Amino acid sequence: MSTIIRLPVTPAETPVMHDRDCLHRFLFEHYPIRGHIVHLDASWRALLEHREYPPVIRDTLGEAVAASVLLAATMKFDGTLSLQLKGQGPMHLMLAQCSDALGVRAVARYKDAEFRPDLASLSGEGSLTVTVENEDLSQRYQGIVPLTGERLSDCLRNYFESSEQLPTRLWLHADENGASGLLLQRLSDDSVKSRTVGSRAHEMNRAEIDDAWNRVQMLGDTLKPEELQTLSDRNILRRLFAEDDVRLFESAPVFFKCRCSRERVVGMLKALGPEEVRSVLAEQGHVEVRCDFCNRAYRFDSVDVEQLFAGTATPTTDAPDRRH
């Protein structure tokens, strides 16, 4: 059972090291509003370990990874949430994925160019796609909106508004050391009644709830990137919502996890067909497939290829998915 901390509980403590590689959920006691805060540190560095991105690309990718965790935490699913940006600009493709267990991976593809920090210039006229897919492929949801705004958070705000989902705001920050994010989401007006029987929430009208939602958004806008990156989650909530009664739940770990495997690569090679795979083998002496996310190489020699298409291949068992 989650440990619940009510805020504020004591005078603001001396700032300590921010929370690392975790997601915190929190809830406003008297309003139908919830939120999440995420920080990626070692998991972010593990994701970047085999990749060198220009700073603007790297920071945008970090914001996308933080956003994917925040969005995944708002949903109930058994699979993967994918956040994809695709356009005609210098960064023509970016993909961030988060599993239901909060395992993340991400990749960006770009052309050599002079990068401007705003998203519109970076990705060009493109689209943002949010996809939620169950592990067994039994269910799949996808929403697509045009890329708008200077920051990814602006584009995601437009996504929630245009897709008629729950009103949601995000604040994101990333650099070479880590990626962090804050999410606020307005729930249905009567959702608070089930957890606050006998409270003032029963007397609140729509105008009061609207005012509360507008107020917490304005407070969120006052959060500085360096505060989001360096303050503990408890202090972030005290800093923003000192006048509110907020419940902070126990944290959940966030980690880097790539789902690539030799079995998946075998399936991809079979889909390509024997003619194409054997032509690569004849040209290079082997077939090598490298994972875009973790840079791991899977190598197949002539014996492997013949077994693959003879239907007798038994792929080597890999170590479990890498987790950092």
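Accessible areas here come from the Shrake-Rupley method with a 1.4 Å probe. I applied this to the chain, which is a predicted model, and obtained an accessible surface of about 16,100 Å². Carbon and sulfur atoms account for 49% of that surface.

**Entry 1: the chain as a whole.** I looked up the secondary structure and found ten helices and 15 strands. I then looked up burial: of the 324 residues, 50% count as buried. For contacts between residues at least 6 apart in sequence, I noted that 66% join residues at least 24 apart.

**Entry 2: aromatic pairs.** I recorded that a pair of aromatic rings is described by the distance of the centres and the angle of the planes. My search returned five aromatic pairs. I began with Phe 28 and Phe 241, whose ring centres are 5.0 Å apart and whose planes stand at 75°, so I entered the pair as edge-to-face. The angle decides this, because planes over 60 degrees apart count as edge-to-face.

Which elements hold these two rings? I located Phe 28 in strand β2 (residues 22–28) and Phe 241 in helix α7 (residues 233–241). The pair therefore ties together parts that are 213 residues apart in sequence. I checked burial for both residues: Phe 28 has 0% relative accessibility and counts as buried, and Phe 241, at 2%, also counts as buried.

I next examined Tyr 159 and Phe 160. Their ring centres lie 5.2 Å apart with the planes at 75°, so this pair is edge-to-face as well. I found both Tyr 159 and Phe 160 to be buried.

Finally, I traced a cluster in which ring pairs link Phe 26, Phe 28 and Phe 241.

**Entry 3: charges over rings.** I looked for arginine side chains over aromatic faces. Arg 105 lies over the face of Phe 293, at 3.8 Å from the ring centre. Arg 262 lies over the face of Phe 300, at 4.1 Å from the ring centre.

**Entry 4: positive phi.** I noted beforehand that most residues other than glycine have a negative phi. Asp 21, which is not a glycine, has a positive phi of about 45°. I placed Asp 21 in the loop between β1 (5–7) and β2. Is Asp 21 buried or exposed? Its relative accessibility is 16%, so I entered Asp 21 as buried, the limit being under 20%.

Asn 295 is not a glycine either, and I read a positive phi of about 70° for it. I found Asn 295 in the loop between β14 (287–290) and β15 (297–300). At 25% relative accessibility, Asn 295 counts as partly exposed.

Note on methods. Residues are numbered from 1 along each chain as its sequence is written. This is a predicted model: local features need pLDDT of at least 70, side-chain atom pairs count only at pLDDT 80 or more; totals for chains, interfaces and linings use all residues. Side-chain values use heavy atoms; hydrogens and water are left out. Rings of Phe, Tyr and Trp (its six-membered ring) pair if their centres lie within 6.5 Å; planes under 30 degrees apart count as stacked, over 60 as edge-to-face and the rest as tilted. Helices (H or I, at least four residues) and strands (E, at least two) are DSSP runs, numbered from the N terminus. Buried means under 20% relative accessible area, exposed over 50%, partly exposed in between (1.4 Å probe, protein chains only). A charge sits over a ring if NZ of Lys or CZ of Arg is within 6 Å of the ring centre and within 35 degrees of the ring normal. Contact means heavy atoms within 4.5 Å.
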